[in-house]
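Trainee: Hi, got a minute to go through the pockets and cores in this one with me?
Mentor: Sure, pull it up and we'll start.

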Amino acid sequence: MAHIIVVGNEKGGAGKSTVSMHVATALARMGHKVSALDLDLRQKTFGRYASNRKTFLDKAGLALPSPRYHDLPDIDQASLNPGENLYDRRLSAAVAQLEPDSDFIVIDCPGSHTRLSQVAHSLADTLITPLNDSFVDFDLLAHVDSDGKRIIGPSVYSEMVWNARQLRAQAGLKPIDWVVVRNRLGAQQMVNKQKMGTALETLARRIGFRTAPGFNERVIFRELFPRGLTLLDLKDVGVKQLNISNIAARQELRDLIKALNLPGVNADF
């Protein structure tokens, strides 16, 4: 069976689609069969990223390893069973179709609470939650007191992950490996950054997730999107010598892939 990676965060702007595309492409470049789904049916940033990649590579005459992007299939509502949700059927049909010929399925969720996102979380073998390094975004996971030291209680998103874990346990499936990725980090060791680290360590023990390093804030990610490229593609498209920022960003991707500890994956790329 395919290993399902869900990238979820109910707050926009945390870099979900960038993480999704880089993880999916890295796995494809390592020789794995990777399928991709975008559950943000309105904006489809991940889907547009994949479409931009196909368009650019076709025009450039390049055949680079890539995730295979799929839209959710259309379902005739008349075929639904009584009480069955249309979006449940669309997602389950997509996963059932992709699993036989995929090593990994990467699912990018919208930055809001939707039925599709809720169901996708219950399918996750690995859940990646990118998180901007601020207490505004930390509030997605838990509520803290005014000095940022004492955790008052979990957020609605954490409760949704808990419910997804319960559903998997009831179905006899293995637990979700939840990985919170500290994304868009600043370069300086500021007091807020240290407080965030301490708060995340405390919360990780309390509600059961791991933390992993993500990407620093870099202009290169905004420049790659229109061509659908990732950090791993630069030399293949004619960039002879990477600058220091690009080299550092590639190392961040290596560190992230290693930290995810995905089955059968060697992150030496």
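Mentor: First a term: a pocket here is an open set of grid points with protein on both sides within 12 Å along at least five of seven lines. Also keep in mind that this is a predicted model.
Trainee: Okay, so how much space lies in the second largest pocket?
Mentor: About 260 Å³. Its lining has 13 residues, and Met1, Leu123, Asp125, Arg168 and Leu173 are the closest to its centre.
Trainee: Which helices each supply at least two residues of that lining?
Mentor: Helix H4 (115–123) and helix H6 (156–170) do. By class, the lining of this second largest pocket splits into 8 nonpolar, 1 polar and 4 charged residues.
Trainee: And what volume does the largest pocket have?
Mentor: About 580 Å³. Of its 28 lining residues, Gly15, Lys16, Ser17, Thr18 and Arg184 are the closest to the centre.
Trainee: Which element gives the largest share of that lining?
Mentor: H2, with 4 residues. The lining of the largest pocket is made up of 8 nonpolar, 10 polar and 10 charged residues.
Trainee: Switching topic: how many residues are in the largest nonpolar core?
Mentor: There are 38, and Leu37, Leu91, Leu141, Trp178 and Phe209 have the most contacts inside it. The largest share of this core comes from H7, with 6 residues.
Trainee: What is Leu91 in contact with, leaving aside neighbours within four places in sequence?
Mentor: Leu37, Leu39, Leu72, Leu116, Val119, Ala120 and Leu123.
Trainee: Which residues does the second, separate core include?
Mentor: Among its 35 residues are Ile5, Val19, Leu232 and Ala249.

Terms used:
Residues numbered from 1 in each chain as written. Predicted model: local features only at pLDDT ≥ 70, side-chain atom pairs only at ≥ 80, totals over all residues. Heavy atoms only, no water. 1 Å grid on protein atoms, 1.4 Å probe; cavity = no way out; pocket = protein on both sides within 12 Å on 5 of 7 lines; lining within 4 Å. Points joined across faces, edges and corners; volume = space filled by probe spheres on them. Nonpolar A, V, L, I, M, F, W, Y, C, P; charged D, E, K, R; others polar. Core = buried A, V, L, I, M, F, W, Y, C linked by side-chain atoms within 4.5 Å. Buried < 20%, exposed > 50% of the residue type's maximum accessible area, 1.4 Å probe, protein only. Contact = heavy atoms within 4.5 Å.
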